[in-house]
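Student: I have a structure open and many words I would like to understand. Could we go through them together?
Tutor: Gladly; let us look at the chain and ask how each word is earned.

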Amino acid sequence: MVECEQNNLIDIDHFPCGCLITTRDLQILFANKYFQEALAWDPQHLISTSMLRLLTRSSQIFCESYILPSVYEAGSCSEVQLAILDARGHSVAKIASVRMMPNGNFSWVFLEAEKRNKLFHQLETARSALEEQREELELLSRTDPLTGLANRRALELAAQDMFEDAKNLGQSVSVLAIDIDMFKAINDNHGHERGDKVLQKVADALKSECRANDTIARLGGDEFLCILHDQDLSKAKDVAKRIHHKIYDLICIKGLCTVCIGIAVHTPDEPLDYAEVIKRADQALYEAKNTGRNRTCISTDGGLSCSELHSL
């Protein structure tokens, strides 16, 4: 930093308001003593950290969605209200102004906002409520409402990451395609309310037999899919067997309490993309349904292995 800039920083160190200098990506380069005197932050400990750590969640969103775009476009943004966190985690209302400096860094000034506190807290509450609603809507958009499992959209996103990680780490990924046997008969003979309970029980069985880092989804109707992270064929067969028995234990409606399962596996020796593994698991599932139901069929590189069928 050149000498004149150093002198300017010394001059503003004792200003009766908060002064920050940050990079464009909000890394703190300088914080004056106001942050220690008024907010109990050690200015030196703030250096090289993100300015966002000083803001509440709703103020972070406001900063990223309004303040920064305004500064990028117009070079400044004046007299906006933010909630600054002190070193104890308490929220303090401040009036902020920010300007882009000639070298591209940002200068921030924070003033007291006593007269605006009531309105600010109302706005802060509204922002927090909107953020909570947004998070709830995001969760709903990724969740099957009946079973609480992931839906197809969430499955696609999770599967892409899981298969990419498996390729990079040389791991196996197993896919189990699952379909309830004679589910239409359950709905027709016992009503849709009972059918919904069967779907929920199947979801419970899948959650109990899979791990937290596996992905379980309801694709629609009575179709489910489990993606088992870092699980080879042998382990996938064990999971399928446990699922058969678990579902049999949980559900019993005049014999209508079984599923068919199709298994396909991505391995380091036979790396397959997500779409191909799903296709093979579906083919194995239909083979299981066409050869007697209440069983598991496995897809291998050589085709469908009917010797691997499993029946209770």
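Student: Where is Asn151 located?
Tutor: Asn151 is in the loop between helix 5 (117-141) and helix 6 (152-169). Please keep in mind that this is a predicted model.

Student: Why is Asn151 called buried?
Tutor: Its relative accessible area is 16%. Buried means under 20%, so Asn151 is called buried.

Student: What makes the link between Asn151 and Ala154 a polar contact?
Tutor: The side chain of Asn151 reaches the backbone nitrogen of Ala154 at 3.0 Å. A polar contact needs a pair of N or O atoms within 3.5 Å, one able to donate a hydrogen and the other to accept it. The distance of 3.0 Å is within that cut-off, so this part of the test is met.

Student: Where is Ser91, and why is Ser91 called partly exposed?
Tutor: Ser91 is in strand 4. Its relative accessibility is 38%. Buried means under 20% and exposed means over 50%, with partly exposed in between, so Ser91 counts as partly exposed.

Student: Which residues does Ser91 touch?
Tutor: Leaving aside residues up to four places away in sequence, Ser91 touches Thr56, Ala83, Ile84 and Leu85. As for Leu55, its C-alpha is 8.2 Å from that of Ser91, and the two residues are 36 apart in sequence.

Student: How do you know that strand 3 and strand 4 pair?
Tutor: Strand 3 and strand 4 (residues 91-100) have eight bridges between them, in the antiparallel sense. Pairing asks for at least two bridges, so these strands qualify. One of the partnerships joins Gln81 to Ile95 in strand 4.

Student: How many bridges join strand 1 and strand 2?
Tutor: Strand 1 (residues 18-22) and strand 2 pair over three bridges, again in the antiparallel sense. With at least two required, they count as paired, so the word fits here too. Leu20 has Ala31 in strand 2 as its bridge partner. The two strands form a hairpin with five residues between them, and Leu26 in the turn has a positive phi of about 75°.

Student: What order do the strands of the open sheet take?
Tutor: The five strands of the open sheet follow the order 2-1-5-4-3, with antiparallel pairing. Strand 2 (28-31) and strand 3 (76-85) are called edge strands because each pairs on one side only. From one strand to the next, the twist averages 25°.

Student: What lies across strand 3, strand 4 and strand 5?
Tutor: Helix 4 (residues 57-74) lies across strand 3, strand 4 and strand 5 (106-112). Helix 4 runs at about 160° to strand 3.

Student: What do strand 7 and strand 8 form?
Tutor: Strand 7 and strand 8 form a hairpin with two residues between them. Five bridges join strand 7 (residues 215-220) to strand 8 (residues 223-229), and the two run antiparallel. Gly220 stands opposite Glu223 in strand 8, while Gly221 in the turn has a positive phi of about 55°.

Student: What is the phi of Ala40, and what is the phi of Met182?
Tutor: Phi of Ala40 is near 70°, and phi of Met182 is near 55°. Most residues other than glycine have a negative phi. Ala40 has a positive value and is a residue other than glycine, and that also holds for Met182.

Student: Where is Met182, and why is Met182 called partly exposed?
Tutor: Met182 is in the loop between strand 6 (173-180) and helix 7 (183-190). Its relative accessible area is 42%. Partly exposed runs between the cut-offs of 20% and 50%, so the name suits Met182. Ala40, in the loop between helix 2 (34-37) and helix 3 (43-46), has 37% relative accessibility and counts as partly exposed.

Student: How far does helix 10 reach, and what span is expected?
Tutor: Helix 10 (residues 274-290) reaches 24 Å from its first C-alpha to its last, close to the 24 Å expected for its 17 residues at 1.5 Å a residue. Its buried residues include Tyr274, Val277 and Ile278. Just after helix 10, Gly292 takes a positive phi of about 130°.

Methods. Residues are numbered from 1 along each chain as its sequence is written. This is a predicted model: local features need pLDDT of at least 70, side-chain atom pairs count only at pLDDT 80 or more; totals for chains, interfaces and linings use all residues. Side-chain values use heavy atoms; hydrogens and water are left out. Helices (H or I, at least four residues) and strands (E, at least two) are DSSP runs, numbered from the N terminus. The expected span of a helix is 1.5 Å times one less than its number of residues. Buried means under 20% relative accessible area, exposed over 50%, partly exposed in between (1.4 Å probe, protein chains only). Axes are lines fitted to C-alpha atoms, for helices over the stretch in contact, and angles run from 0 to 180 degrees between N-to-C directions. Contact means heavy atoms within 4.5 Å.
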